[in-house]
Amino acid sequence: MKGARVSRGKGRVPIRDSALFLPLLIFVLIVVVNALVQPGLFRPRIVRSNTASFAPLILVAAGQAIIVLSGSLDLSVGAGMSLINCVFSAMMHESATSSALALLVGLAAALGMGLVNGLAVAYLRLPSLIATFASSAIWFGIALLLRPQPGGFVTPWVSSFYYLSVGPVALPLLILAVGLLGWHLVKRRRLGRYIYAVGSNEEAAYDSGVDASRVKLWAYVLGWAFVFLAAFAVTAQMSSGDAYMGNPFTLNSVAAVVVGGISLAGGKGKVLGAMLGAATLSLVINVIYYANVPSVYQEFVKGSIIIVALTLTILYRRPSRRAVGG
Amino acid sequence: MAEYILELRGIEKRFGGVVALDRAELLCPAGRIVGLIGANGSGKSTISRIINSTHQLDAGEFLYQGKKARFHSPMEAARAGISMVYQNLSLVPDLSVWENIWLGNEPLARGGFLDDGAARDRALELTKQLCGWIDIDREVGTLLPAERQLVEIVKCLARNPKLLILDEPTAPLERSHVELLFSLLKTRKSQGDSTIFISHRMPEVTEICDYLVVFRNGRTAGTIDFEREGKDERKIIELMTGEAAEVRGARERSVSSARKVLEVQGLSVGPKLRDVSLTVHAGEIVGLAGLHGQGQEELMLSLAGFTRAERGRVLVDGRACRLRHPADAIRAGMALVPGDRHRQGLFLSHTIYMNAIYCRTGLADTPWIMNRNSLKEAVQKLCGDLRVKASSIFAPVGELSGGNQQKVVVANWLPLEPKVLLLDDPAKGVDVKAKAELYGLVEKLTEKGAGILLYASDNDELLRICDRILVIYEGSVVGELLNEGLNERDIVDASVRSARAADAPAHERVEG
């Protein structure tokens, strides 16, 4: 009893209580399983190609994580990725200026979509689930308009740039690191703290003098900066445009967020966790492929593994809540 | 400097069809502690939310520091030096104590980055004055209600406001913390800062305030300048109720029978409860006293089936029961009126009617189809008996004032006629009149043979209503007092003595 009152000192939390503990554990577990079924998983070439192909989901999961932490959700990130991808493929020609312009327009489109979703949720006070479901149809419609059939031209440098290595560090890894660093800078500012506060209890945050609506809007805009990066990565991989390309990313990003230990109620968890969650989901598909699971069972096995990961995450969190909240 | 720091005149505020404030007036002399008192739903919380602009007024005049003012949000009010301790608190559960203390007001280092080192150090200093034992790195969601209340107070004091509004700050607090708070308020006064203090506890208001405003039904019923007119409790109650005051004495005790409705033997739960044994007889009201946070609430939660006991036996009406789930307790005839009504007691967005029905669904003999009309009548009658102030029984509970919400929590359990009623601070934030009504109902239950286990943060309540009082210290029952001619001192003495005795190597029983 007396011992419990002694301060734990400088804000350090035991590793087992960290929000990252379980996502990390699950990630390591799946890496080990993957290494067993796929010898040579750790060869630099394989690591590089895996990072490159996982990066889009990891990035979009990071974006989704920021939005979820602020207490909202975004079901239009996949359609948004398609739209940006179609902008790239519609605007990029041989010339360097067209490529630069396409990148700028793509970024503006991403931030614009984040702004629209954010305004609808934060200021019109629409439920984020429905508002972003509706906006996803709009993004998809525009993408189809830009590129009714898959195809189109994307300057080769995008792809060769993406597969570039700076020394031993592959460029996709660098993009992930820069994204994470950006988020950590935000977290060191008021906005970062407020995203957690608003997600945890919007009314209390407002009563404390936090402009909750503005925080929610900013969470969307920040999240969509990551969606832009994800769309860039996916375009580099495919070197063409496809309005259907982004669809699977929407719900996979939500699953990654939850496997990453972030509460869908908001306010609790780490963006890095969501990134680990995304990597975990990607590795699951890897494992299924290399374990020679018959293709009919692939979706079944994938779903089961995700359920197990989710159960672990949620079971792990429950006891401490219960003792306090009842 | 203006004579009044705040002048509100002719304030009107409506929520839907309910008139919350009707030409209310509130004048706060600068540099003094102004008490604001009134029955539940008289508009105290509403006017304080208008002052700090979480609510906007519909009509009226708002002068701050002698000048017309209009703030559009609590941030603007905070910038002007107005800070408020909310009745429901403004704390974010997933952030730590020190992060909450600075929420909305974070110290910044160069480049607009958070200066967390300074924030944490300052928070440590600030908490020391009021609640030094709280680990400021803990998440607020894991704190006890009283600890959260103290953090909320520290948070407001950290802003050094010119005008501090405290809405029911003492409701979950025990006496020693109230005294600490009062000394801080006196320091503020000596610095020339103004405070508005809202409370239901009459002795506290007369102790700390030097000017009193009484609200009744959304209007200002009167003001009393304590320095000139003296402190007359009868006059205050008259202003509050509009009726001649009737001060209630200790209750007439019914002779409790020898039948034991609740027997607890050697109950242990985690580190918080150790080997607790107690008995409650039919028709008896047993109080739990002691310093705050010694396991009283954990005992309640464990008996109600929220937390599982590692060891021990619980017998209800002579029958042993396994309490693994709240439904087990309810089926055994044991109901809990929880202390944290927002988190545990109510479905805020649901109607009074629905809230009253949920409890019944846990019973073994609940019919598959319930008769809506008879339920409706029963709920209506209950709300009438308890004088719940609401537009109808189909009003969402979240729209009611704090005290009325608490009445609904209690009302939910009464029709089930529990054998044992566990009351965890049921009168928290409830006005004098409603408190009497509430305890009147509890006494009626005892006449029907129920046993009551009551925890109250206010010792005065225990003295008024309990037959026996158990003193709890560090999760054990360390003393037992028969309530015959006891006064508050006796309880405090027993609690403190047991604390000292327990610091000695052996646990010795303190005889009352």
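Helices and strands are DSSP runs, with at least four residues for a helix and at least two for a strand, numbered from the N terminus. In this predicted model, B:Asp225 sits in the loop that joins strand E10 (219-224) to helix H8 (226-229) of chain B. B:Asp225 has 12 other C-beta atoms within 10 Å and is exposed, because a residue with 12 or fewer such neighbours counts as exposed. B:Asp225 and B:Val34 are 191 residues apart in sequence, yet their C-alpha atoms are 9.3 Å apart in space.

## The two chains

The table sets out the same properties for each chain.

| Chain | Helices and strands | C-alpha box along the principal axes | Buried residues |
|---|---|---|---|
| Chain A | 14 helices, 2 strands | roughly 70 × 50 × 40 Å | 48% of the 326 residues |
| Chain B | 18 helices, 21 strands | roughly 70 × 60 × 45 Å | 50% of the 512 residues |

Chain A has a radius of gyration of 20 Å, close to the 20 Å that the globule rule gives for 326 residues, so chain A is as compact as a globular protein of that length. For chain B the radius of gyration is 23 Å and the globule rule gives 24 Å for 512 residues; these values are close, so chain B is as compact as a globular protein of that length.

Contacts between residues at least 6 apart in sequence can also be sorted by their separation. In chain A, 79% of these contacts join residues at least 24 apart. In chain B, 71% of these contacts join residues at least 24 apart.

## Domains of chain B

Chain B is divided into domain 1 (1-81 + 162-245), domain 2 (91-160) and domain 3 (260-346 + 410-511). Between the centres of domain 1 and domain 3 of chain B, taken over C-alpha atoms, there are 34 Å. The contact between them takes 13 residues from domain 1 of chain B and 13 residues from domain 3 of chain B. On the side of domain 1 of chain B that touches domain 3 of chain B, 6 residues are nonpolar, 3 are polar and 4 are charged.

## Nonpolar cores

In soluble globular proteins, nonpolar side chains tend to be buried together. The largest nonpolar core here has 175 residues, and A:Ile58, A:Ala61 and A:Ala62 touch the most other members. Helix H11 (residues 212-238) of chain A gives the most to this core, with 19 residues. The core also draws at least three residues from each of domain 1 (1-81 + 162-245) and domain 2 (91-160) of chain B.

What is A:Ala61 in contact with, leaving aside its neighbours within four places in sequence? The contacts of A:Ala61 include A:Ser253, A:Ala256, A:Val257 and A:Ala274, and also A:Met275, A:Gly277 and A:Ala278. Another core, of 77 residues, lies apart from the largest one, and has B:Val280, B:Ala411, B:Leu423 and B:Leu438 among its members.

## Where the chains meet

The contact between the chains takes 28 residues from chain A and 31 residues from chain B. On the side of chain A that touches chain B, the elements giving two or more residues are helix H1 (2-5), helix H9 (190-200), helix H10 (202-207) and helix H14 (295-325) of chain A. The largest share of that side, 5 residues, comes from H9(A). By class, the side of chain A that touches chain B has 10 nonpolar, 9 polar and 9 charged residues.

## Two residues with positive phi

Most residues other than glycine have a negative phi. B:Gln65 has a positive phi, near 55°, and is placed in the loop between strand E4 (59-64) and strand E5 (67-68) of chain B. B:Glu168 has a positive phi of about 50° and lies in the loop between strand E7 (163-167) and helix H6 (175-190) of chain B.

Are these residues buried or exposed? B:Gln65 is partly exposed, with 17 other C-beta atoms within 10 Å. B:Glu168 counts as buried, with 25 C-beta neighbours inside 10 Å.

## Confidence

The predictor gives the complex an ipTM of 0.85 and a pTM of 0.77. Chain B averages a pLDDT of 84, and 91% of its residues score at least 70. Within chain B, confidence is lowest in strand E21 (residues 510-511), at a mean of 39, and highest in helix H3 (residues 97-101), at 96. The pLDDT is below 50 over residues 245-249 of chain B and also over residues 503-512 of chain B. Where pLDDT is low, the predicted coordinates should not be read in detail.

Technical notes: Residues numbered from 1 in each chain as written. Chains lettered and ligands numbered in written order. Predicted model: local features only at pLDDT ≥ 70, side-chain atom pairs only at ≥ 80, totals over all residues. Core = buried A, V, L, I, M, F, W, Y, C linked by C-beta atoms within 7 Å. Buried ≥ 20, exposed ≤ 12 C-beta atoms within 10 Å, placed from the backbone. Domains from an automatic or database assignment. Contact = placed C-beta atoms within 7 Å. Nonpolar A, V, L, I, M, F, W, Y, C, P; charged D, E, K, R; others polar. pLDDT = per-residue confidence, 0-100. Rg over C-alpha atoms; globule rule 2.2 N^0.38 Å.
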